[in-house]
Each structure stands twice: as C-alpha cells, then as structure tokens.
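Okay, thanks for squeezing me in. I'll put the structure up and then just walk through the parts I'd like you to look at.

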Amino acid sequence: MPTNNPVTHTIDALAKGTVPEDDALLALLACDSLEKNQYLQERADILRRQTFGNHVYIRGLIEFTNYCKNDCYYCGIRKGCKSVTRYRLTPEEILQCCKNGYELGFRTFVLQGGEDPYWNDDRLASLVEAIRAAHPDCAITLSAGERSWESYQKLFDAGADRYLLRHETADKAHYQKLHPQDLSFENRMECLQHLKQIGYQVGCGFMVGSPGQTIEHILKDLRFLVEFQPHMIGIGPFIPAAGTPFEKEYAGSADLTVKLLSIIRLLLPKALLPATTALGTASEDGRLRGICAGANVIMPNLSPASVRKNYRLYDNKIATGAESAEGILQLKKQVERIGYEIVTARGDYPDIK
Ligand code: SAM
C-alpha cells in the first residue's frame with residue numbers, strides 16, 4: 001500500500017497511536033476505496049492481536065425486562081409501543097439463565113433491560129448479590145439505563161463489575177432529535193462519569209446511521225471515545241422498529257459499522273469491542289466481519305427462548321442459531337473458520353487491577 005496517499009497516511013498515523021486532525025478523520029470516514037478500507041482493517045487486526053491475540057470473549061446476554069418508562073424514538077420496547085408483549089423475568093429465572101450459561105462456558109453475564117421501575121435499587125442489588133454468590137468467578141455486567149450515583153454505588157457494592165450505557169450520540173442537538181424532552185444529554189453523560197468514578201468497567205457507544213446522524217456527528221463520537229476512554233464500546237447499525245416514530249427511516253450501514261470498528265480499535269487498542277446483534281441482523285455475516293475488523297467480543301442470547309421475541313428492539317432481531325447461547329458450538333466453528341478463537345475467560349479490560 002503506497003504511503004503517499006493522505007488516507008493511507010491517516011491509517012498509519014492511527015496505527016502508531018496518533019489521533020489525526022478532524023479533516024483527516026473525516027476523509028477517512030468518507031473514503032470508499034475497497035483497497036484502503038481493507039488496509040484499515042488489516043492494521044486494526046494487527047493491533048488487536050498485539051493485546052488480545054486471536055481471542056474472542058463471550059458474554060451471556062440476559063434480557064431481564066422489556067418494561068421501560070422511556071420513549072426513545074428509535075427503540076422497539078419504548079413505553080409508547082403498545083403492541084409489545086411485556087415481560088419481566090423473576091430472580092429465579094435469571095439465576096437459572098446464569099446457571100445454564102455457566103455450564104455452557106460463560107463467565108460474564110450481562111443483564112440488560114428497559115428502565116423498569118419495578119427493578120428498584122433493593123431488588124436489583126439483591127439479584128446482583130445472588131448472582132455474585134452463585135458465581136464468584138464470573139463478571140456481572142449491568143445495562144439498566146440511567147440511575148442515580150447512589151444506585152450505581154449500591155449495585156457496585158452488591159457485586160456488579162461492569163456497566164453498559166451507550167451515550168447514543170455525542171452531539172446534544174442530535175441527542176434531542178432521538179429522544180423526548182424528558183431525557184437529557186447532560187444526564188446521560190453525567191451517568192457515564194459517575195459509573196467511571198465509582199470504579200465500574202464502563203461501556204458507552206452509539207448507533208450507526210441513526211436518523212439525522214451526519215459524518216460530523218460520528219467524528220464527535222470518535223472524539224468523545226478518545227476523551228472518555230471507555231473500557232467497552234458498543235456500536236451497531238440503527239435498524240427501524242415497527243411502531244416507533246422512526247419506523248420508516250432508513251437502516252444504518254453494516255459496512256460503515258465494520259469500518260468504524262476498525263477505526264475505534266486503532267483509537268482504543270485495549271477496548272473490549274463487541275460485534276453486536278444489530279450488526280448480525282443488518283448483515284448475515286456481520287458479526288464475523290466485525291471480528292475481522294477488530295471486534296473481540298460476542299454476546300450470545302441467554303434469555304429464556306420463550307421471551308426472546310418480545311425483546312424486539314428493532315425489526316427482525318436475530319436470537320436463534322449461532323446468535324443464541326445454545327448455538328455456542330456453531331459460533332465457535334464459525335469463528336475458528338475465520339482464524340479466531342472463542343475463549344471462556346472473563347475478558348476484563350487489560351489494565352484493570
Ligand atoms: N435501557 C438501557 C439503556 O438505555 O441503556 C439498555 C437497553 S437499550 C434497549 C440498549 C441499546 O439498544 C440502546 O442503547 C440502543 O443503542 C440500542 N437500540 C435501541 N433501539 C435500537 C434500534 N432501533 N436499532 C439499533 N439499536 C437500537
């Protein structure tokens with residue numbers, strides 16, 4: 001690859017740990033040369049292998065409630081979606097999911113749900129304590145939305161290690177286009193700061209191609225990631241969901257998502273970066289392409305099969321086959337075929353004490 005080309009130069013600079021200027025990053029984002037995007041991916045893969053080898057970590061995703069008090073315009077389980085069959089797993093069912101997952105080799109459980117007032121601090125902390133007692137060698141990740149400092153602290157003290165809270169967009173005006181007025185950009189960002197200060201391994205992230213998103217917004221997202229230094233970053237294409245204000249909008253691009261995974265890998269070499277379900281939904285081989293591009297985490301679905309169809313964040317969300325926890329053998333083979341290896345380690349952020 002000739003190095004006198006400005007985009008190639010940007011990729012080389014990124015690979016050496018330099019954060020390029022805005023113009024250079026925008027040119028890289030806009031570049032549609034297959035050859036240069038392939039080069040970007042190769043550099044990202046080299047960097048990932050330096051820290052993580054060919055390992056891909058698995059997290060068992062338990063979608064523990066689809067009740068939500070919020071009305072995010074993009075989300076298929078928003079409060080206003082009247083066609084959704086609501087469910088809430090019991091603590092016993094959740095513990096059974098963890099037990100099943102443990103037997104399948106999972107050492108991280110991710111509890112994700114809508115913002116469900118039933119799961120107040122006492123109930124959620126008791127659940128975390130029970131999981132911690134049953135599985136002392138496992139990581140517990142929560143993804144239960146915006147809560148107070150006290151709440152996050154209580155859940156951390158109960159035994160939660162990690163928290164996923166996508167920032168959704170680093171641009172305040174864009175945030176307001178995606179959410180109703182009662183949700184604030186400032187509060188979301190403040191929650192992320194609190195989680196970090198408390199000591200969680202923190203994940204943020206954004207949808208690619210959400211309505212109104214521009215390339216400049218994506219640039220802001222990248223700058224935010226560099227500044228915030230999250231331990232985990234979840235990105236996936238926006239996919240329209242029936243019954244939401246955005247149901248007729250265009251879906252985000254799987255190709256751009258894959259490219260962003262490579263750019264993010266170069267910007268944050270040690271991050272835990274999932275090849276998300278949304279990427280696998282947008283493109284049949286999306287998750288495998290994501291891994292080749294620099295992702296090193298996959299989150300198969302551990303929820304009881306009977307409720308999976310109801311956690312429908314967007315249309316046609318995949319939840320069976322290699323996407324499901326039971327499909328782990330199939331997933332292992334697919335990942336091996338492209339030169340990587342599924343491992344059962346907890347997969348903490350490399351520098352965490
Ligand atoms: N309630 C928690 C929160 O707000 O962080 C966790 C659950 S929320 C449903 C998880 C993520 O799903 C969101 O952060 C959002 O990025 C993603 N999501 C929701 N609707 C989506 C859609 N239509 N397309 C792609 N991703 C979507």
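So, the big picture: of the contacts in the protein with a separation of 6 or more, 75% are between residues 24 or more positions apart. And before I go on, this is a predicted model. There are 14 helices and nine strands in it. The C-alpha trace spans about 60 × 45 × 35 Å along its principal axes. For 353 residues a compact globule would have a radius of gyration near 20 Å, and the protein has 19 Å, so the two agree. As for burial, 58% of the 353 residues are buried.

Let's start at the N-terminal end, with helix H1, residues 6-15. Eight of its ten residues are buried, so H1 is largely enclosed by the rest of the structure. If you want to click on them, the buried ones are Val7, Thr8, Thr10, Ile11, Asp12, Ala13, Leu14 and Ala15. What do the buried residues of H1 pack against? Three other helices: H2 at 22-30, H3 at 34-52, and, from much further along the numbering, H10 at 254-267. Have a look at the two ends as well. At the start of H1, Asn5 puts a side-chain oxygen within 2.8 Å of the backbone nitrogen of Val7. After H1 comes Gly17, with a positive phi near 95 degrees.

Next, a small sheet. Three strands make an open sheet in the order E8-E1-E9, with parallel pairing. Strand E8 (297-298) and strand E9 (341-343) are the edges; each has a single partner strand, so one side of each has no neighbour in the sheet. Strand E1, residues 55-58, runs parallel to E9, and three bridges join them. To get your bearings there, find Tyr57, which sits opposite Val343 in E9. Then there's helix H14, packing on this sheet and touching E1, E8 and E9, with its direction at about 140 degrees to that of E9.

Now over to strands E6 and E7. Strand E6, residues 201-208, pairs with E7 in the parallel sense, over six bridges. The chain gets from E6 to E7 by way of helix H9 (residues 215-228), and that β-α-β crossover is right-handed. A handy marker for the register is Met207, opposite Gly236 in E7.

How many residues of strand E7, residues 232-237, are buried? Six of its six, so to speak the full set. In a regular strand, side chains alternate between the two faces of the sheet. On E7 both faces are covered, with Met232, Gly234 and Gly236 buried on one side and Ile233, Ile235 and Pro237 buried on the other.

Staying in strand E6, please zoom in on Val208. Its relative accessibility is 0%, so Val208 counts as buried. Setting aside residues up to four places away in sequence, Val208 touches Ile235, Gly236 and Pro237, and also Gln213, Phe238, Gly252, Ser253, Leu256, Thr257 and Leu260. There's also a C-alpha distance to note: Val208 and Glu168 are 40 residues apart along the chain, and their C-alpha atoms are separated by 9.2 Å.

That brings me to His167, in the loop between strand E5 (162-164) and helix H7 (172-178). Is His167 buried or exposed? It's a loop residue, but with a relative accessible area of 1% His167 is buried. Beyond its neighbours within four places in sequence, the contacts of His167 include Cys204, Gly205 and Phe206, as well as Asp221, Phe224 and Leu225. Tyr175, Arg188, Met189 and Leu192 are on that contact list too.

Last stop, two backbone angles. Which residue in the loop between H9 and E7 should you look at? Gln229, which isn't a glycine and yet has a positive phi of about 50 degrees. At 35% relative accessibility, Gln229 counts as partly exposed. The other one is Asn316, also not a glycine, with a positive phi of about 60 degrees. Asn316 is in the loop between helix H13 (305-308) and helix H14 (328-337). With 69% relative accessibility, Asn316 counts as exposed.

Okay, that's my tour; happy to go back to any of these spots.

Definitions and conventions. Residues numbered from 1 in each chain as written. Predicted model: local features only at pLDDT ≥ 70, side-chain atom pairs only at ≥ 80, totals over all residues. Heavy atoms only, no water. Buried < 20%, exposed > 50% of the residue type's maximum accessible area, 1.4 Å probe, protein only. Helix = DSSP H or I, 4+ residues; strand = E, 2+ residues; numbered from the N terminus. Pairing = 2+ DSSP bridges. Right-handed = clockwise from strand over helix to strand, strands pointing away. Contact = heavy atoms within 4.5 Å. Polar contact = N/O pair within 3.5 Å; in protein donor to acceptor, adjacent residues only side chain to side chain. Axes fitted to C-alpha atoms, helices over the stretch in contact; angles between N-to-C directions. Rg over C-alpha atoms; globule rule 2.2 N^0.38 Å.
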